[in-house]
Amino acid sequence: RDRDRGTGSSVACKVDWIGLVWMVRLWCSSARGAGMGASMARRKECAARTRASARPEGEGLLEVLTKRYDTFFLDQFGVLHDGKEPYPRARELCRALAEDEGKRLVILSNSSRLSSSTFDRLESMGFRKEWFLGAVTSGDVAQYALNASQGKELTSDKGYEGLWRDLQLPPAGEEGSVAANLSCIHFTWSERGSSDGFKSAFDPLKEVPRVRAVNEPKNADFILIHGTEAQTVVEGGGERRVVPRSREEIDGVLVACADLGLPMLVANPDLVTVSGGQLVDMPGKFGRRYRELGIGEEHVHLLGKPNKMIYDIASMRYGIEKSDRGRTVAVGDSIEHDIKGAVDFGVDSLFITSGIHKTDVHPNQGEDFDAEALE
């Protein structure tokens with residue numbers, strides 16, 4: 001690796017984690033300077049530099065990981081579990097890394113729920129909370145941004161100026177007034193999560209007192225996306241109620257918001273996630289649709305991976321210094337979110353090919369690996 005020039009690596013593997021029979025290395029230049037605006041051509045250039053290499057003979061995955069890394073950023077869905085069941089030997093690898101090797105494990109998830117509920121699901125699947133330093137979710141990032149008093153809480157404020165302005169906060173180093181309250185069109189979940197091992201109800205607006213939901217785009221300052229199934233509406237007495245909406249109804253609201261030029265905050269940038277043997281649409285698809293409606297990427301804020309803010313918050317919360325990045329690896333199953341986020345943040349990555357990209361790189365649901373498909 002050439003850390004000074006920002007070159008990182010990614011190792012790709014199929015879960016089960018320890019029982020690897022092959023690896024693939026992706027050598028990608030970090031998109032420093034491009035920020036969230038890295039072009040599709042830039043991503044294709046990164047993918048085009050993919051080349052295969054064998055695992056060092058005689059070494060298992062555990063040995064490879066423990067020699068190279070001290071800190072592990074772990075995705076949840078498609079990495080530790082499929083949304084319903086834990087993956088084979090994922091629990092044992094987490095236990096071995098934490099207890100036997102003393103490694104630092106941090107969950108980085110694009111879940112729109114707060115991290116306080118993360119371990120409800122994981123513990124129900126047999127993962128132990130003490131194996132992990134903690135977790136940061138997209139829901140945490142949204143809460144952090146919406147509760148910010150001014151745009152300079154994070155150590156590194158570069159790249160966040162557009163977000164702070166869209167939230168009517170003065171960026172770091174600039175003078176300006178802070179809007180006392182903001183109004184939003186809010187989309188959320190209705191049924192999803194009710195039987196997924198969570199102990200608490202999902203009410204993301206409860207934790208952001210500066211923000212209130214409104215029913216009409218003309219009364220809103222921005223759109224806030226936590227889920228894809230329902231809209232938070234306000235009754236005559238001010239009570240909030242979650243009302244299921246069809247995709248057609250939601251799209252009509254998005255069109256009206258785009259006509260007004262409202263910015264959008266997406267508290268789960270994923271396009272899809274695994275749920276048992278199925279792929280389920282996630283809020284990131286609304287972000288993509290909103291850009292198709294003509295809203296510039298600089299006003300569609302993805303508050304999770306690959307946005308650097310989730311990594312900055314994790315580093316700040318768990319004492320991970322910039323000097324630690326050379327021995328940090330991010331593990332995930334999404335090229336667009338986990339791998340790109342790691343590249344942009346300047347850490348290595350481990351790409352799990354049996355998650356959302358399973359049908360892309362494992363033809364016919366078999367064990368064969370299609371290297372050309374990965375490129």
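Among contacts in this predicted model between residues at least 6 apart in sequence, 69% join residues at least 24 apart, and that is a useful thing to keep in mind with the whole chain on display. The protein has 375 residues, of which 55% count as buried, and its secondary structure comprises 12 helices and 17 strands. If you switch on a surface, about 16,400 Å² is exposed, with carbon and sulfur atoms supplying 46% of that area.

Next, select Thr71, which is found in strand β4, residues 71-74. Is Thr71 buried or exposed? With a relative accessible area of 0%, Thr71 falls under the 20% limit and is therefore buried. Now show the neighbours of Thr71: leaving aside residues up to four places away in sequence, Thr71 touches Arg104, Ile320, Arg327, Thr328 and Val329. Of these neighbours, Arg104 deserves its own selection, since a polar contact of 2.9 Å joins its side chain to the side chain of Thr71.

From strand β4, follow the chain to the loop between β4 and α3 (90-100), and select Arg89, which is found there. Arg89 has a positive phi of about 70 degrees, although it is not a glycine. As background, most residues other than glycine have a negative phi. The relative accessibility of Arg89 is 45%, so this residue counts as partly exposed.

A second backbone feature can be found by selecting Lys305 and Pro306 together, where the peptide bond from Lys305 to Pro306 is cis, with omega near 15 degrees. In general, most peptide bonds are trans. Pro306 is found in the loop between β15 (300-302) and α9, and helix α9 is the next stop.

Select helix α9 (residues 308-318) along with helix α5 (residues 138-147). How far apart are the axes of α5 and α9? The axes are 10 Å apart, and the two helices pack at an angle of about 85 degrees. Because that angle lies in the range of 65 to 115 degrees, α5 is described as roughly perpendicular to α9. To see where they meet, show the side chains of Ser138, Asp140, Val141 and Tyr144 on α5, together with Met309, Ile310, Ile313, Met316 and Arg317 on α9, which make the contact. Colouring these residues by class shows six nonpolar, one polar and two charged residues in the contact of α5 with α9.

How values were computed. Residues are numbered from 1 along each chain as its sequence is written. This is a predicted model: local features need pLDDT of at least 70, side-chain atom pairs count only at pLDDT 80 or more; totals for chains, interfaces and linings use all residues. Side-chain values use heavy atoms; hydrogens and water are left out. Helices (H or I, at least four residues) and strands (E, at least two) are DSSP runs, numbered from the N terminus. Buried means under 20% relative accessible area, exposed over 50%, partly exposed in between (1.4 Å probe, protein chains only). A polar contact is a pair of N or O atoms within 3.5 Å; within protein, one must be able to donate a hydrogen and the other to accept it, and residues adjacent in sequence count only if both atoms are side-chain atoms. Contact means heavy atoms within 4.5 Å. Axes are lines fitted to C-alpha atoms, for helices over the stretch in contact, and angles run from 0 to 180 degrees between N-to-C directions. Angles under 35 degrees count as roughly parallel, over 145 as roughly antiparallel, 65 to 115 as roughly perpendicular and the rest as oblique. Ala, Val, Leu, Ile, Met, Phe, Trp, Tyr, Cys and Pro count as nonpolar, Asp, Glu, Lys and Arg as charged, and the others, Gly among them, as polar. Accessible areas come from the Shrake-Rupley method with a 1.4 Å probe; for residues, only the protein chains shown count as cover.
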